[in-house]
Amino acid sequence: NYRGKILIHAGKSLEKNQAKKFKEYNLEYNCGEIIGEAELVDCIKVTEKFDNELKKKNSLVYRNNHIDNYAWKLENIKKYEKKIKVNGKLGLWNYEK
């Protein structure tokens, strides 16, 4: 239901071996930080066809099956130079400065 600006938060834990997949993207950060922002412009239900296309285009897809889940379409993605240390929560949550 939500569209608009979101902050991107790096959680306090990381799945084993996942960081290696993203090494080429220069994503230096510590866990438990807001590392950037983006505009959430659409939420797309993942069909089997879309899931297969996603896996062909992006080798970083790490789940075996996205079918019947949703993908976020993000625009205006910005990486913060100065990260914000903050405890996060699961799902979407409001950040109060």
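Colleague: How many disulfides are there here, and how do I read that?

Modeller: A disulfide is a pair of cysteine sulfur atoms within 2.5 Å. By this rule the count comes to 0. Keep in mind that this is a predicted model: local features need pLDDT of at least 70, side-chain atom pairs count only at pLDDT 80 or more, and totals for chains, interfaces and linings use all residues. Residues are numbered from 1 along each chain as its sequence is written, and side-chain values use heavy atoms, with hydrogens and water left out.

Colleague: Okay, what about Cys31: buried, exposed or in between?

Modeller: Buried means under 20% relative accessible area, exposed over 50%, and partly exposed in between (1.4 Å probe, protein chains only). Cys31 has 33% relative accessibility, so it counts as partly exposed. Cys43, at 29%, is partly exposed too. Over the chain, buried residues make up 20% of the 97 residues.

Colleague: Cool. In what order do the helices and strands come?

Modeller: Those are DSSP runs, numbered from the N terminus: helices are H or I with at least four residues, strands are E with at least two. Here you get 2 helices and 3 strands, running β-α-β-α-β from the N terminus on.

Colleague: And where does Trp72 sit?

Modeller: Trp72 lies in strand S3, residues 70-85. Its relative accessible area is 45%, so Trp72 is partly exposed.

Colleague: Last one: how far apart in sequence are the residues that contacts join?

Modeller: Contact means heavy atoms within 4.5 Å. Among contacts in the chain between residues at least 6 apart in sequence, 74% join residues at least 24 apart.
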